[in-house]
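Open the model in your viewer and keep the selection panel at hand. Each stop below says what to select and what to look for there.

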Amino acid sequence: MFKTIKEEIKVILERDPAARSWLEVLLLYPGLHAVLSHRLAHWFYNRKMFFIARAISQISRFFTGIEIHPGAKIGKGLFIDHGMGVVIGETTEIGDNCTIYQGVTLGGTGKDKGKRHPTIGNNVLIGSGAKVLGPFKVGDNSKIAANAVVLREVPPNSTVVGVPGRVVTKDNKRVAPAIGVDLDQIHLPDPVSMEMCRLLAKIEQLQQELHDCQLRQRNNDTSIKESET
């Protein structure tokens, strides 16, 4: 147990530049507390002591804000940075040396039975707010961008962005987007500005129609007066 704690602390010190000492990590890092609590809960879960396992996981959730089902299988070196709002489902499998940021969900879609949650490979980084939903695999050395929603398998050595998640790089090479799909995540149109332009164009059209209508009405009035005289 002490060896496990030492290894987990070492991982955090290596990956988090804000970590200043092993004591700080041991006492003040909720991600470490959640992972250690899970390892204890998982031990009980494997021995079919489900109530005790779930009780440990819920107590850990109360104190850390990180919910890990005791049935989840987690490899060595998982670093949950900040961690608030992280949810990891029962049939999730996580490989070695992965990093997960706050707000991440490794969950199911509600349509599957048995294996319902994702399998995360080794050395995977999952950005804050990302959702990985379904019983598929995220390949080794992949990166999931912040707030991405991943609903299908991710090849190894890939980077996924967007909603729904799309592979934009693989093996350090840019992946050509599908026809009609723009993967530019920076230069996005402003929907409010676009709607204002549409409204202004509509107003100009209505003004022109009103002007033409008034002009026709004046012409009609003039014609009537001339016919009367």
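The tour of this predicted model goes from a helix to the sheet, then to charged pairs and aromatic rings.

**Stop 1: helix α1**

Select residues 2-15. This is helix α1, with 14 residues. From its first C-alpha to its last, α1 reaches 20 Å, close to the 20 Å expected at 1.5 Å a residue.

Now colour by burial. Which residues of α1 are buried? They are I5, E8, I9, V11 and I12. These residues cover an arc of only 155° around the axis, which puts them on the same side of α1. The general rule behind such a pattern: an α-helix has 3.6 residues a turn, so residues three or four places apart point the same way.

Turn to the other side of α1. There F2, K3, K6, K10 and E14 are exposed.

Next, show what the buried side packs against. Select 22-28, 30-46 and 79-80: these are α2, α3 and β3, and the buried residues of α1 pack against them.

**Stop 2: the sheet**

Switch to a cartoon view. In what order do the 5 strands of the open sheet run? The order is β1-β4-β7-β10-β13, with parallel pairing. Select 67-68 and 149-150 to mark the edges, β1 and β13. Each has a single partner strand, so one side of each is left without a neighbour in the sheet.

Stay with β13 and add residues 131-133, strand β10. The two strands pair in the parallel sense over 2 bridges. Show K131 as sticks; V149 in β13 stands opposite.

**Stop 3: salt bridges**

Side chains of opposite charge can pair when their charged atoms come close. The structure holds 4 salt bridges. Three of them make good stops.

Select E67 and R61. They form a salt bridge, with the closest N and O atoms 2.9 Å apart. E67 is partly exposed, at a relative accessible area of 24%. R61 is also partly exposed, at 40%.

Move to R116 and E90. Their side chains meet in a salt bridge at 2.9 Å, N to O. R116 lies in the loop between β7 (105-107) and β8 (119-120), and E90 in the loop between β4 (87-88) and β5 (93-94), so the pair ties together parts that are 26 residues apart in sequence. Buried or exposed, or in between? R116 is partly exposed at 27%, and E90 counts as partly exposed at 24%.

Then select K115 and E93. Here the salt bridge spans 3.7 Å, N to O. K115 sits in the loop between β7 and β8, while E93 belongs to strand β5, so this pair links parts 22 residues apart in sequence. K115 is partly exposed at 29% relative accessibility, and E93 is partly exposed at 32%.

**Stop 4: aromatic pairs**

How many aromatic pairs does a search of the whole structure find? It finds 3. Two are on this tour.

Select W43 and F44. This pair is edge-to-face, at 5.1 Å centre to centre with 90° between the planes. W43 is partly exposed, at 41% relative accessibility. F44 counts as buried, at 17%.

Finish at F62 and F63. Their ring centres are 5.2 Å apart and the planes stand at 90°, so the pair is edge-to-face. Both F62 and F63 are exposed.

Notes: Residues are numbered from 1 along each chain as its sequence is written. This is a predicted model: local features need pLDDT of at least 70, side-chain atom pairs count only at pLDDT 80 or more; totals for chains, interfaces and linings use all residues. Side-chain values use heavy atoms; hydrogens and water are left out. Two strands pair if DSSP finds at least two bridges between them. Helices (H or I, at least four residues) and strands (E, at least two) are DSSP runs, numbered from the N terminus. The expected span of a helix is 1.5 Å times one less than its number of residues. Buried means under 20% relative accessible area, exposed over 50%, partly exposed in between (1.4 Å probe, protein chains only). The arc is that of the directions from the helix axis to the C-beta atoms. Contact means heavy atoms within 4.5 Å. Rings of Phe, Tyr and Trp (its six-membered ring) pair if their centres lie within 6.5 Å; planes under 30 degrees apart count as stacked, over 60 as edge-to-face and the rest as tilted.
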